[in-house]
Amino acid sequence: MLNQKMFWKSSLMRLLTRNEKYEPMNAIFYISAAIAVVSTAMAISRLNAVHALLYLIVSLLSVAQIFFILGAPFAAALEVIIYAGAIMVLFVFVIMMLNLGPSAMETERQWLRPGMWIGPVLLSAVLMAELVFVIANSGSHPAGSHEVGSGAVGIALFGPYALGVELASILLLAGLVGAYHLARQDSGNQSEGEV
Amino acid sequence: MIIFRHLVIVIGVFGAALSVSAGLVWLERRLLALWQDRYGPNRVGHFGLLQVVADGIKMFFKEDWIPPFADRPVFVIAPMLLLVTVLMPFAVIGFAPEIVVADLNIGLLFFLAMSALSVYGIVLGGWASNNKYALLGAVRAAAQMLSYEVFMGLSLMGVVILAGSFNLSEIVDAQKGMWNCIPQFLGLVLFTIAGFAETHRMPFDLPEAEAELVAGYHTEYSGMKFGLFFVGEYLGVTMISAMIVTLFFGGWLGPFLPPVAWFALKTFIFICGFILVRAALPRPRYDQLMGYAWKVLLPLALLNILVTGAIVLAVH
């Protein structure tokens, strides 16, 4: 019994460490990567929209975890604050307002017929093959060899990529002005106190 | 030995946070009673101190009912999600120079990330209840917390500029000459208002406004699941008070007394402030709440960053 346990433990260690020295970070990386893949698959295949969104949030959190392990804590924090904490809240907000009932799940079930999967699966399989080929032909890189702090990110954003940042902010400003214009009440027809 | 020490710190910090927030239930009722010229709970134990224990036992033995029309898994997960996300920021708050669970370099961002995630507990709880009042509470919570989160993060950037770091211990050390509450007074006011909205306390408790929405997002909750929401609120009050002390009032810094005592004392004063505000201020209308956030507080937060940045650049 004890021998068997030892055997499993040692083979598990060998699987995780391969020929390098034992790296707990690698194990954590594989676990979070597996969670990301599984939760993304669940996000696609759930019939209930809110459940699908919850899996998507888990997927984003595990990607943040991977960023953290790879030595980019600033990117990890922003992933959680902006994507998981703000944008996904808006998604949940909208889905909540739509009040999707059993009929929506029925529609969803019809959309997710097995036949629908063939095309995307073939295309993804090609991508997967390419990825395996590329990884197999390149040397291994250690995870998190150096940390990219918040200062380095800021210098990169407002140094060589300043133009991109400015363009993105102009785009956001345009979106803001557009949203304001669409949501504005026509003051001629209806005053605020009338409601 | 190091692992043992670390374990003691972890258990101590989370135990202290949980027991303080449980004790707050009693403190709040007594202080509110004091300010409203009545006694409050004073029957169970000395000064009514065992009221918390009595309430806890009562809550444990209540029927834990899940409505048949609710979304069962989400309904069960929501209160846990709220409690965990409110508890996590205590891991990066330093109680004294060496007493901190995880001295993260991105400690402040970790706090912001957790407060961003704490919306889910309330929103999902309200949605999963499948009840109109709960849903209205959840919708209000989502809009309110998103709006106040935006300038909560921005109001703290002045502190980050002054300290040059997101690490909470370094932010405290940077206040050795002068506490941040003087150069960052505007930031302090903005952060405190945002803190009230984030913990959805009076006057910003519109998600659970009992006068119009029964009990808002936790209408359908009972027993210990309601207890988790309840403790989560007081945990949030403790957490925001501790953050105000760490960021603006020098954390553990202070003469004579040991650092932990200073930290506890300052935090206690701000907790009492939270309760006093509840006793003093009425609830605003919903559109006033949102307009106030976007039209007044957000521009002020941006102005604060601009002025602080300009001054720091000019001095260096």
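**Exercise 1.** Determine whether the end-to-end distance of helix H1 (residues 2-35) of chain B in this predicted model agrees with the span expected for its 34 residues.

*Solution.* The expected span rests on 1.5 Å a residue, which for the 34 residues of H1(B) gives 50 Å. The end C-alpha atoms of H1(B) are 47 Å apart, and the two values therefore agree. The course of H1(B) is then examined for a bend: a kink of about 30° is centred on Leu24(B). Finally, the backbone just after H1(B) is inspected, where Asp37(B) adopts a positive phi of about 65°.

**Exercise 2.** Describe the extent of the interface of chain A and chain B and the atoms that are buried there.

*Solution.* Begin with the residues in contact, taking heavy atoms within 4.5 Å as the criterion: chain A contributes 24 residues and chain B contributes 23 residues. Next, consider the area: about 1,900 Å² is buried between chain A and chain B, with 83% of it on carbon and sulfur atoms. Of the area that chain A buries against chain B, 29% is supplied by Ile81(A), Val89(A) and Met96(A), more than by any other three residues.

**Exercise 3.** Establish which polar interactions cross the interface of chain A and chain B, and which helices of chain A supply the side that touches chain B.

*Solution.* The search for salt bridges across the interface yields zero, whereas three residue pairs are in polar contact, both residues being at pLDDT 80 or more. On the side of chain A that touches chain B, helix H3 (49-69) and helix H4 (73-98) each supply at least two residues. H4(A) provides the largest share, 15 residues. By class, the residues of this side comprise 19 nonpolar, four polar and one charged.

Key. Residues are numbered from 1 along each chain as its sequence is written. Chains are lettered from A and ligands numbered from 1 in the order in which they are written. This is a predicted model: local features need pLDDT of at least 70, side-chain atom pairs count only at pLDDT 80 or more; totals for chains, interfaces and linings use all residues. Side-chain values use heavy atoms; hydrogens and water are left out. Helices (H or I, at least four residues) and strands (E, at least two) are DSSP runs, numbered from the N terminus. The expected span of a helix is 1.5 Å times one less than its number of residues. The bend at a residue is the angle between axes fitted to the seven residues ending there and the seven starting there. Buried area is the accessible area (1.4 Å probe) that two parts lose on being put together, summed over both. A salt bridge is a side-chain nitrogen of Lys or Arg within 4 Å of a carboxyl oxygen of Asp or Glu. A polar contact is a pair of N or O atoms within 3.5 Å; within protein, one must be able to donate a hydrogen and the other to accept it, and residues adjacent in sequence count only if both atoms are side-chain atoms. Ala, Val, Leu, Ile, Met, Phe, Trp, Tyr, Cys and Pro count as nonpolar, Asp, Glu, Lys and Arg as charged, and the others, Gly among them, as polar.
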